[in-house]
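Welcome, and thanks for opening the viewer. Let's walk through this model together, one selection at a time.

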Amino acid sequence: MEFDFDALDGKQRYKLLGSTVTPRPIAWVSTLGPNGKLNAAPFSFFNVFGEDPAVVGFSIQHRSEADMKDTGSNIRLHREFVVNLVSEDNLEKMNISAIEFPPHFSEFSEAELTPARSTKIETPRIAESHVAFECRLTQIVPLGPLRSLVLGEVVHMHIDDDAVIDAAKCYIDTRKLRLVGRMEANSYVRTSDILQLPRIPLDAWNPVQS
Ligand SMILES: Cc1cc2nc3c(=O)[nH]c(=O)nc-3n(C[C@H](O)[C@H](O)[C@H](O)COP(=O)(O)O)c2cc1C
């Protein structure tokens, strides 16, 4: 089967991409609103793009030309945000925070999330998350009339102590974090089914035995 993306509308492309580019990590983004109101929402069009500088990005589907979702408007205003990662034990709270609440609601109250002070930025992180990245806005790239890519530089990281194997060597026990990924529609995947595959050095590559 072939799909001609030129012949499809946005919804159809979303369905095809969203159900195949999987699993996707989830950025549970906390932001500060105009009156210091705390906001949180998940974004699975998300990934990391660099380390020097350390850049993460996620993309927002605007509700309309005037409404870039609360997350987008807040980031425009304060030029910072926190990416909190989602684990099995906070998946349900993440789902509550995805409800399309109007701006005067705080997802922190609705989902009973605990704000924790950030170190380098004003925006609090979500204490229930086991890993969080404090980010300063790098740029907002318009991808289309109703889609924007938000890029931020990670300036500080929080992680649960018991997920750190050796801080000096930056060794993390990824499995302890029990992170989840997004599959198609309302499906998620645990990250506990691990495959090991060592990299092959060039000088060990000899597929043709002579
Ligand atoms: C797992 C998950 C992933 C989501 N990913 C995105 C995304 O990548 N982009 C987007 O615009 N909305 C995404 N959403 C929907 C937003 O979280 C939702 O619109 C939310 O209400 C936005 O909140 P805000 O107005 O407080 O920013 C996702 C929802 C869920 C449950």
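## Starting at a helix end

Select Arg-79 to begin: just after α2, this residue takes a positive phi of about 60 degrees. Keep in mind as you look around that the model is predicted.

Now step back into helix α2 itself, residues 69-78, and colour its buried residues: Asp-70, Thr-71, Gly-72, Asn-74 and Ile-75. Show what covers them, and you will find that the cover includes β2, β3, β5, β6, β9 and β10.

## Into the core

Next, select Val-29, Phe-58, Phe-81 and Val-83, the residues with the most contacts inside the largest nonpolar core, which has 22 residues. Which elements give two or more residues to this core? They are β2 (27-32), β3 (38-43), β5 (54-61), β6 (80-85), β9 (131-144) and β10 (147-159). The largest share, four residues, comes from β9.

Centre the view on Val-83. Leaving aside neighbours within four places in sequence, its contacts include Ala-27, Trp-28, Val-29, Phe-46 and Val-56, and also Val-131, Ala-132, Phe-133 and Cys-135. Apart from the largest core lies another, of 12 residues, with Trp-28, Leu-32, Val-86 and Val-180 among them.

## Ring pairs

Now display the aromatic side chains; the whole structure holds four aromatic pairs. Pick Tyr-14 and Phe-45: their ring centres are 5.7 Å apart and their planes at 15 degrees, so this pair is stacked. Tyr-14 lies in helix α1 (residues 10-18) and Phe-45 in the loop between β3 and β4 (46-51), so the pair ties together parts that are 31 residues apart in sequence. Both rings belong to partly exposed residues, with Tyr-14 at 36% relative accessibility and Phe-45 at 29%.

Then go back to Phe-58 and Phe-81, whose ring centres are 5.5 Å apart with planes at 80 degrees, so the pair is edge-to-face. Phe-58 belongs to β5 and Phe-81 to β6, so parts 23 residues apart in sequence are tied together. Phe-58 is buried at 1% relative accessible area, and Phe-81 is buried at 0%. Add Phe-43 to the selection, and you have a cluster of three linked by ring pairs.

## Last stop: a buried arginine

Finish at Arg-182, in strand β13 (residues 180-182). What is the nearest side chain of opposite charge to this buried residue? It is Glu-184, 8.6 Å away, and Arg-182 has no salt bridge. Instead, look for the polar contact between its side chain and that of Ser-44 (3.3 Å), and for the backbone oxygen of Ala-185, 3.2 Å from a polar atom of the Arg-182 side chain. Beyond four places in sequence, residues that Arg-182 touches include Tyr-14, from the stacked pair, along with Pro-23, Ile-26 and Tyr-188.

Terms used:
Residues numbered from 1 in each chain as written. Predicted model: local features only at pLDDT ≥ 70, side-chain atom pairs only at ≥ 80, totals over all residues. Heavy atoms only, no water. Core = buried A, V, L, I, M, F, W, Y, C linked by side-chain atoms within 4.5 Å. Buried < 20%, exposed > 50% of the residue type's maximum accessible area, 1.4 Å probe, protein only. Contact = heavy atoms within 4.5 Å. Lys, Arg positive; Asp, Glu negative; His and termini not counted. Salt bridge = Lys/Arg side-chain N within 4 Å of Asp/Glu carboxyl O. Polar contact = N/O pair within 3.5 Å; in protein donor to acceptor, adjacent residues only side chain to side chain. Phe/Tyr/Trp six-rings, centres within 6.5 Å; stacked < 30°, edge-to-face > 60°.
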